[in-house]
Amino acid sequence: MTSSPERLTYLRLAAVTMIWGATFVAGRFLAADVDPLLAATLRFVLASAALLVFMTLTRVRLVRPSAAQFLQLAMLGFFGIFFYNLCFFYGLQYINASRASLIVALNPAVIALAAWLLHKERLGAAKCIGIALCLGGAGVVIVSRNPHLLQGADNAWRGDLLIGGCVVGWGVYSLFSRNLNQCLGSLQTVTWSILLGTAMLTMTTLVSSKLTATALSAALQLPQLLSLLYLGIFGSALAYIAWYDGIARIGATRAGVFIALNPLTAVICGAVLLGEQLTAPMLLGGAVILLGIYLCNKPLAPARPLGI
């Protein structure tokens, strides 16, 4: 039987995926007017500011990590913030968001396999079936949203490769934080990784001369500013903390399958906020995703004594 703390963790992870699903809608307001690298930088500058303000208000001091911890945090910042966002934003210049979502939907399977190899997390039949259902359901939702997503330009392979880098980056960010979460806690781990990743993005933006008065003026118009605030505060600061907390509580594999809800929440937000059509296959795919999450998080039956 599922305990109350676990149910609360499931609700938090579901809320995280809903927040991340809505980031696709927020991102659409930015795509036409703001350079991808500048958008990623501003997003995480706001996320860093939100985290530091939150820690100040709650009187939580930013701890000083050891040298080994700092290097590990820098690695998380590189892969989870810097590398992921460069792959994501530049990958979308070659392929559409639906095709990118189909690739990102591989995250649960990649995280589960890596967790089994690296952390010896148990992969029973129910978990494997659940992960397969999550992938299948996500595929149905995404393909139903855009039946032509597999039709790409001649250079679409570059976009596929870059979005594949997102899967690698997020896998590293999810799996290599275990000891930091235990020693520092999810808030400190997320804050440090975002601060370091933001510094990397900012330096790259400055070196590439993307930070100009004209670019900032376009980014600070009201619709774009509201989108950035949502992406930075909700889609980054709050969501990342809840994500790491979920991994610490139930493991990377069980938390990872909740990512399959991202395309479902994206199409629901698109239907509610942008007037996009919500079809029966999308709802069927959503039901399959929910079944897969249930199977992957279903409590294991207690071992039967020998001879019974």
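**Figure 1. Arg 249 and Asp 245, two neighbours on helix α11.**
In this predicted model, Arg 249 and Asp 245 sit on helix α11, 4 residues apart, which is about one turn of the helix. Their side chains form a salt bridge, with the closest N and O atoms 2.9 Å apart. Asp 245 is buried, at 17% relative accessibility.

**Figure 2. Asp 245 also pairs with Arg 12.**
Asp 245 meets a second arginine here: its side chain and that of Arg 12 make a salt bridge at 3.2 Å, N to O. Asp 245 belongs to helix α11 (residues 222-250) and Arg 12 to helix α1, so this pair ties together parts of the chain that are 233 residues apart in sequence. Which residues does the network of salt bridges link? Arg 12, Asp 245 and Arg 249 are the ones linked. As for solvent, Arg 12 is partly exposed at 35% relative accessibility, while Asp 245 counts as buried at 17%.

**Figure 3. Glu 6 reaches over to Arg 254.**
The structure has 4 salt bridges, and this view picks out the one between the side chains of Glu 6 and Arg 254, at 3.5 Å from N to O. It's another link between distant parts of the chain: Glu 6 is in helix α1 (residues 4-31), Arg 254 is in helix α12 (residues 252-256), and their positions lie 248 residues apart in the numbering. Buried or exposed, where does Arg 254 fall? Arg 254 is buried, at 16% relative accessibility, whereas Glu 6 is partly exposed, at 23%.

**Figure 4. Helix α7 crosses helix α11.**
Here's where α11 meets another helix. The axes of α7 (residues 156-175) and α11 come within 10 Å and cross at roughly 60°, which makes α7 oblique to α11. On the α7 side, the residues in contact are Trp 170, Tyr 173 and Ser 174; they meet Tyr 240, Trp 243, Tyr 244 and Ile 247 of α11. What sort of residues make up this contact? There are 6 nonpolar residues, 1 polar residue and no charged ones.

**Figure 5. Gly 292, tucked into helix α14.**
Gly 292 is part of helix α14, which covers residues 280-297. Gly 292 is buried, with a relative accessibility of 0%. Leaving aside residues up to four places away in sequence, Gly 292 touches Gly 130, Leu 133 and Cys 134. Zoom in on the backbone and you'll find the C-alpha atoms of Gly 292 and Gly 137 separated by 8.3 Å, although these two glycines are 155 residues apart along the chain.

**Figure 6. Cys 87 and Cys 296, each without a disulfide partner.**
A disulfide is a covalent bond between the sulfur atoms of two cysteines. The count for this model is 0 disulfides. Why does Cys 87 have no such bond? The closest cysteine sulfur to that of Cys 87 is in Cys 166, 5.2 Å away, and that is too far for a bond given the cut-off of 2.5 Å. Cys 296 tells a similar story: the closest cysteine sulfur belongs to Cys 134, at 6.7 Å, also too far for a bond. Both cysteines featured here are buried, Cys 87 at 6% relative accessibility and Cys 296 at 1%.

Note on methods: Residues numbered from 1 in each chain as written. Predicted model: local features only at pLDDT ≥ 70, side-chain atom pairs only at ≥ 80, totals over all residues. Heavy atoms only, no water. Buried < 20%, exposed > 50% of the residue type's maximum accessible area, 1.4 Å probe, protein only. Contact = heavy atoms within 4.5 Å. Axes fitted to C-alpha atoms, helices over the stretch in contact; angles between N-to-C directions. Parallel < 35°, antiparallel > 145°, perpendicular 65-115°, else oblique. Nonpolar A, V, L, I, M, F, W, Y, C, P; charged D, E, K, R; others polar.
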